[in-house]
Amino acid sequence: MTSPVDYKAYGPLYAGWARALSLLAALGLSGLLLAVPHVVATDTMSIDHGLLSLCLLGISAGFVHGVGYVPVMLVWRLAFSPYVAWPLMLVCAGWWLR
């Protein structure tokens with residue numbers, strides 16, 4: 001059995017308030033996408049798939065960070081960190097809510 005994660009070792013953005021912010025932002029954006037899909041595009045031909053993929057990566061990283069999971073491998077820890085999730089979710093919110 002593994003020991004509990006020492007979040008302080010990963011920096012200030014792994015504190016409880018930061019994880020709660022990530023989880024709430026990911027829940028809000030994913031809920032918006034599921035409830036009101038026309039915020040992304042009015043038809044399937046006008047979707048910017050590259051930007052949508054980055055938005056979904058940001059939302060996924062927000063969920064991973066928000067629930068408190070810290071990957072062991074450095075590459076995955078960086079990919080699912082708040083340093084990646086927050087800017088991508090901000091871009092996503094700006095794109096969808098403009």
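The buried residues of helix α4 pack against α1 (16-35) and α2 (49-66). In this predicted model, the buried set in α4 consists of Pro82, Ala85, Leu88, Met89, Cys92, Trp95 and Trp96. These residues lie on the same side of α4, because they cover an arc of only 160 degrees around the axis. An α-helix has 3.6 residues a turn, so residues three or four places apart point the same way.

Helix α2 has its own buried set, made up of Leu52, Cys55, Gly58, Ile59, Ala61, Gly62, His65 and Gly66. The partners of this set are α1, α3 (74-79) and α4. Contact between α2 and α4 thus appears in the packing of α2 and in that of α4.

The table gives the end-to-end reach of these two helices, from first C-alpha to last, beside the expected value.

| Helix | Residues | Reach | Expected at 1.5 Å a residue |
|---|---|---|---|
| α4 | 15 residues | 20 Å | 21 Å |
| α2 | 18 residues | 25 Å | 26 Å |

For α4 the reach is close to the expected span, and for α2 it is also close. After α2 comes glycine 68, with a positive phi near 95 degrees.

Overall, the chain contains four helices and zero strands, and its pattern along the sequence is α-α-α-α. The C-alpha trace spans about 50 × 25 × 25 Å along its principal axes. Of the 98 residues, 31% count as buried. Among contacts between residues at least 6 apart in sequence, 78% join residues at least 24 apart.

Three residues illustrate the range of exposure. Leucine 13 belongs to the segment before α1. Leucine 13 counts as buried because its relative accessible area is 14%, under the 20% cut-off. Apart from neighbours within four places in sequence, leucine 13 is in contact with Ala18, His65, Pro82, Tyr83 and Trp86. Of these partners, His65 is listed among the buried residues of α2, and Pro82 among those of α4. The C-alpha atoms of leucine 13 and leucine 29 are 20 Å apart, with their positions 16 residues apart along the chain.

Tyrosine 83, one of the contacts of leucine 13, is part of helix α4. Its relative accessible area is 49%, so tyrosine 83 is partly exposed. From tyrosine 83 to isoleucine 59 the C-alpha separation is 13 Å, for a distance of 24 residues in sequence.

Leucine 90 is also found in α4. With a relative accessible area of 64%, leucine 90 is exposed, being over the 50% cut-off. The C-alpha atoms of leucine 90 and alanine 25 are separated by 9.2 Å, and the two residues are 65 apart along the chain.

The largest pocket has a volume of about 150 Å³. Its lining is formed by Val5, Asp6, Tyr10, Gly68, Tyr69, Val70, Pro71, Val72 and Arg77. By class, this lining has six nonpolar, one polar and two charged residues. Gly68, the glycine with positive phi after α2, is one of the lining residues.

Terms used:
Residues numbered from 1 in each chain as written. Predicted model: local features only at pLDDT ≥ 70, side-chain atom pairs only at ≥ 80, totals over all residues. Heavy atoms only, no water. 1 Å grid on protein atoms, 1.4 Å probe; cavity = no way out; pocket = protein on both sides within 12 Å on 5 of 7 lines; lining within 4 Å. Points joined across faces, edges and corners; volume = space filled by probe spheres on them. Nonpolar A, V, L, I, M, F, W, Y, C, P; charged D, E, K, R; others polar. Helix = DSSP H or I, 4+ residues; strand = E, 2+ residues; numbered from the N terminus. Expected span 1.5 Å × (residues − 1). Buried < 20%, exposed > 50% of the residue type's maximum accessible area, 1.4 Å probe, protein only. Arc of directions from axis to C-beta. Contact = heavy atoms within 4.5 Å.
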